[in-house]
Amino acid sequence: MKHLYVHIPFCHRICPYCSFHKHTPGGTDMTAFVDALLKEAEKQPLRPETIFFGGGTPTMLSDVHLERLLRGLRERVDMGGVLEFTMEANPRTVTASKAVMMREMGVTRVSLGIQAWDDETLKTLGRDHARADAEETWRVLKAAGFPSLNLDLMFSIPGQRVETWRQTLEHTISLQPDHISAYNLNYEEDTDFFRRLKAGEYREDEGRDAEFFNVAIDMLEAGGFEHYEISNYAKPGHRSVHNEAYWLGEDYLGIGPGAFSTVGARRWNNVKDTPRYMALTLAGEETAVEVEELTAEQRRTERFGLELRTARGLPLELIHAESRKMLETLREQGLLSYDGGHVRLTRAGKPLVDPIAVALMG
């Protein structure tokens, strides 16, 4: 298996916009949790090219538990072919000693979830850090010498002004990260933000979203970043190899509570209940639920929503003959181009990636 994802579901505070499987630690036995992850990692031979620790907040684990997990993984997994080892982190969860330990244990890339630099927007997002905390964590990560560092940002947040977004981007660029992720806020079901949207407190505005999006493209490309995926920008040599594997439809294995996997035509996720996941795994029982056998047509249509997001584009051969007229119409409207066997969105088409994908996949 070339790509391994490890899910750590713990957060100090639950952000009102996040729909991932996450929760506060409560009374979780962290030693047993690490035991469960390591036992699941032993279930099949692994020689990954990429490893990605996501959450939740992986760096919320103590130095002792995180080091034991990383060391145990190295003992159970053939790490000889690892090209990239990413750890997601939030401000206030990374000490100097933890950063040094992570680097010594083979982590090559850290993605720091800043989301915003102004305290007003951070408060709206329910974040448990202030700008000063994020600045300090960034200094700690830089000092540890990771080969690649990413800053995670979010835009079109309720109350956020375009000028504030410009200032966020300016400051981010000034810190000289190797990679920047800039995500348009989505109102996901089962979140407080979604409930407030339905209650009329918040509103969606495609025009506003497009304005924020275009400001990001202008400023980040001018700052020397390649816009290689709708929400991602990289300096040369610093693309996220793990995430590119997702976007290009490669197989991946997920371990941990709620983690998804896709191997061949089979997709499943682990039970989204951390105590139950731990009990089942430690007892040697199956944790996979919602197992699905994907058809060739399902895999084809999924590629539209993923590969159209990338700079490489969608292989032209995936578009059926009956959709070629729509393809030509979208080209005439200046929303896409196609050459070299791939369909690529233009600057005007990028904000419309989802409806364009639906229009072409028939």
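Let me start with a pair of helices in this predicted model: the axes of helix 3, residues 96-104, and helix 5, residues 131-144, come within 9 Å and cross at roughly 35 degrees. The crossing of helix 3 past helix 5 is right-handed. If you want to find the contact on the screen, look for A96, A99, V100 and R103 on helix 3, and for V140, L141 and A144 on helix 5. Sorted by class, this contact has six nonpolar residues, no polar ones and one charged residue.

From there I would like to move to the sheets, and as a reminder, strands of a sheet pair through backbone hydrogen bonds, either in the parallel or in the antiparallel sense. One open sheet is built from nine strands in the order 7-8-6-5-4-3-2-1-9, and its pairing is mixed. Its edges are strand 7, residues 226-229, and strand 9, residues 253-255, each of which pairs on one side only. On average, and with direction ignored, neighbouring strands of this sheet are turned by 20 degrees against each other. As an example of the pairing inside this sheet, strand 2, residues 50-55, runs parallel to strand 3, residues 84-89, over four bridges, and here F52 stands opposite T86 of strand 3. Helix 8, residues 206-222, packs on the sheet, where it touches strand 5, strand 6, strand 7 and strand 8, and its direction makes about 5 degrees with that of strand 8.

There is also an open sheet of three strands, in the order 13-15-14, in which the pairing is antiparallel. The edge positions belong to strand 13, residues 314-315, and strand 14, residues 336-339. Strand 14 and strand 15, the latter covering residues 342-345, are joined in the antiparallel sense over four bridges, and D339 has H342 of strand 15 as its bridge partner. Across strand 14 and strand 15 lies helix 12, residues 324-332, which runs at about 115 degrees to strand 14.

Now to the empty spaces, beginning with the one that is closed off: which residues line the largest cavity? The lining consists of C11, H12, R13, C15, T57, N90, T93, G126, R127 and D128, and by class these are two nonpolar, five polar and three charged residues. The volume of this largest cavity is about 80 Å³, and the count of cavities of 30 Å³ or more comes to one.

The second largest pocket, for its part, has a volume of about 170 Å³. It is lined by 13 residues, of which E40, K43, Q44, L253 and W268 are the closest to its centre. Strand 9 and strand 11, the latter at residues 266-270, each supply at least two residues of that lining, and the whole lining divides into four nonpolar, five polar and four charged residues.

Finally, I want to point out two places in the backbone, bearing in mind that most peptide bonds are trans and that most residues other than glycine have a negative phi. The peptide bond from G55 to G56 is cis, with omega near 20 degrees, and G56 is placed in the loop between strand 2 and helix 2, residues 63-76. The other place is S156, which is not a glycine and yet has a positive phi, near 65 degrees; S156 sits in the loop that lies between strand 5 and helix 6, residues 162-174.

Definitions and conventions
Residues numbered from 1 in each chain as written. Predicted model: local features only at pLDDT ≥ 70, side-chain atom pairs only at ≥ 80, totals over all residues. Heavy atoms only, no water. Axes fitted to C-alpha atoms, helices over the stretch in contact; angles between N-to-C directions. Left-handed = near helix turned anticlockwise from the far one by under 90°. Contact = heavy atoms within 4.5 Å. Nonpolar A, V, L, I, M, F, W, Y, C, P; charged D, E, K, R; others polar. Pairing = 2+ DSSP bridges. 1 Å grid on protein atoms, 1.4 Å probe; cavity = no way out; pocket = protein on both sides within 12 Å on 5 of 7 lines; lining within 4 Å. Points joined across faces, edges and corners; volume = space filled by probe spheres on them.
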